[in-house]
Amino acid sequence: MNAALVAVLLSLVSACAYAAAAVAQERLASRAAGAGALRTLTSGAWWWAVALNASAALLHVVALKYGPLTVVQPLGALTLVAAVPLGARLAGRRVSAIEWRGTGLTLLGLGALLLTASGPAPEHVLSVPEALTVSGATAALIGALSWPGTRPGLRHATASGIASGVASALTQTVTVAVTDRSGPLLSVQVIGVAVLVAAFAAGGLLLSQTAYRGGLGAPLAVVTLANPVAAAVIGLSLLGERLRGGAGGVLLALTGAALAAWGVLQLSRATPEPAGPPPAGPPPEPVPEGPASAGPGLMPRQPGPGHLTPL
């Protein structure tokens, strides 16, 4: 089987697992909005989401062995496409028309990106100095985005997407270094970069949990966009990856990116439809205000004409 096709198939399954994990995290965040980190760690739902994320990450690692970052990372946008109907199903509501439209635009944009990004299995990986430089710059950027202030949800989502994208680039370095058998299995490069991968993966997971306190759509959309952008910057600038088709390929990739971004924006702005029609029957009668609304026995009975009220 073609290596690029293997990478695509593994990425699709990984995206579905990531979608299930995102929905589980959002439902946990909505139920325990004010809960601390310790209470979250004792929740079974949290560890279920961690297991789903770990399974998706394992599939993602294998996909990075067979395909370049510019192929594998854009497919991560399918996480949002899968999470929308899954979240609606669990919430007992219908998927709205704007959500379906956003899904279609995202898929169309991803198709255009894949036509230009398709390429052979990765040959170049990050060196130790490059990995340290990328990690230091990413840590500084994440620290700035996570600084307390207004709108923490979207800023934390951006930081989570960047952390995940960098973790993917570093993971590819570890995977290729381990499987090509050109050096020792537990070299300084492999161990050091593996530690960085674990740090960025855990940081991205915790940042996304914070971001989902404001809902699923907008934070997941931002994570979905920031992740491939960060990975593509590393792949194109440091790993020697290129787009196919020359100037026409670049134009097609930009068009696809614009369509995917438009679709993600539609998904993030979608208003959920109610689960069903309102209950049948006449509306309840309004209760009059003022002294007339008092119940019997609270006001004295008014006498008829010509009669006195006994004392």
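Hi everyone. A residue counts as buried when its relative accessible area is under 20%. With that cut-off in hand, take Ala-230: its relative accessibility is 13%, so Ala-230 counts as buried. Please keep in mind that what we are looking at is a predicted model.

Let me stay with Ala-230 for a moment. This residue sits in helix H10. Setting aside neighbours within four places in sequence, Ala-230 is in contact with Ile-162 and Gly-165. Ser-164 is 66 residues away from Ala-230 in sequence, yet their C-alpha atoms are 8.5 Å apart in space.

Now the overall picture. The protein chain has 11 helices and zero strands, and you can follow that along the sequence as α-α-α-α-α-α-α-α-α-α-α. Of the 311 residues in the chain, 41% are buried. If we take the contacts with a separation of 6 or more, 83% of them join residues 24 or more positions apart.

How far can we trust it? The chain averages a pLDDT of 74, and 73% of the residues score at least 70. Among the elements, helix H7 has the highest mean pLDDT, at 89, and helix H2, residues 37–41, has the lowest, at 62. Please be careful with residues 290–300, where the pLDDT is below 50 and the model has three contacts beyond near neighbours in sequence. Residues 306–311 also stay under 50, and for them the model has one contact beyond four places in sequence.

On to the inside. Which residues have the most contacts within the largest nonpolar core? They are Val-166, Leu-170 and Phe-200, in a core of 23 residues. Helices H7, H8, H9 and H10 each supply at least two residues of this core, and H8 gives the most, with eight. As background, nonpolar side chains tend to be buried together in soluble globular proteins.

Let's zoom in on Val-166. Beyond its neighbours within four places in sequence, Val-166 is in contact with Val-134, Thr-138, Phe-200 and Ile-234. Apart from this core lies another one, of 15 residues, including Leu-80, Val-84, Tyr-212 and Leu-220.

You may have noticed Thr-138 among those partners of Val-166. Thr-138 belongs to helix H7. Is Thr-138 buried or exposed? Its relative accessibility is 7%, which is why Thr-138 counts as buried. Not counting residues up to four places away in sequence, Thr-138 touches Ile-162, Val-166 and Phe-200. We met Ile-162 earlier as a contact of Ala-230.

One charged residue deserves a look as well: Glu-99, which is found in helix H6, residues 97–117. Because its relative accessibility is 5%, Glu-99 counts as buried too. Its C-alpha atom is 8.7 Å from that of Pro-85, which is 14 residues away along the chain.

Finally, the largest pocket, which has a volume of about 740 Å³. It is lined by 37 residues, and those nearest its centre are Tyr-18, Asn-53, Ala-57, Ser-164 and Asn-227. Ser-164 is the residue we paired with Ala-230 at 8.5 Å, C-alpha to C-alpha. What is the lining made of: nonpolar, polar or charged residues? It divides into 21 nonpolar and 16 polar, with no charged ones. Helices H1, H3, H8, H9 and H10 each supply at least two residues of that lining. Of these, H8, H9 and H10 each also supply at least two residues of the largest nonpolar core.

Thanks for listening, and I'm happy to go back to any part of the structure.

Key
Residues are numbered from 1 along each chain as its sequence is written. This is a predicted model: local features need pLDDT of at least 70, side-chain atom pairs count only at pLDDT 80 or more; totals for chains, interfaces and linings use all residues. Side-chain values use heavy atoms; hydrogens and water are left out. On a 1 Å grid over the protein atoms alone, a cavity is a set of points where a 1.4 Å probe fits but cannot get out, and a pocket is an open set with protein on both sides within 12 Å along at least five of seven lines; lining residues have an atom within 4 Å of a point. Grid points are joined across faces, edges and corners, and a volume is the space filled by probe spheres set on the points. Helices (H or I, at least four residues) and strands (E, at least two) are DSSP runs, numbered from the N terminus. A nonpolar core is a set of buried Ala, Val, Leu, Ile, Met, Phe, Trp, Tyr and Cys residues joined through side-chain atoms within 4.5 Å. Buried means under 20% relative accessible area, exposed over 50%, partly exposed in between (1.4 Å probe, protein chains only). Contact means heavy atoms within 4.5 Å. pLDDT is the predictor's confidence in each residue, from 0 to 100.
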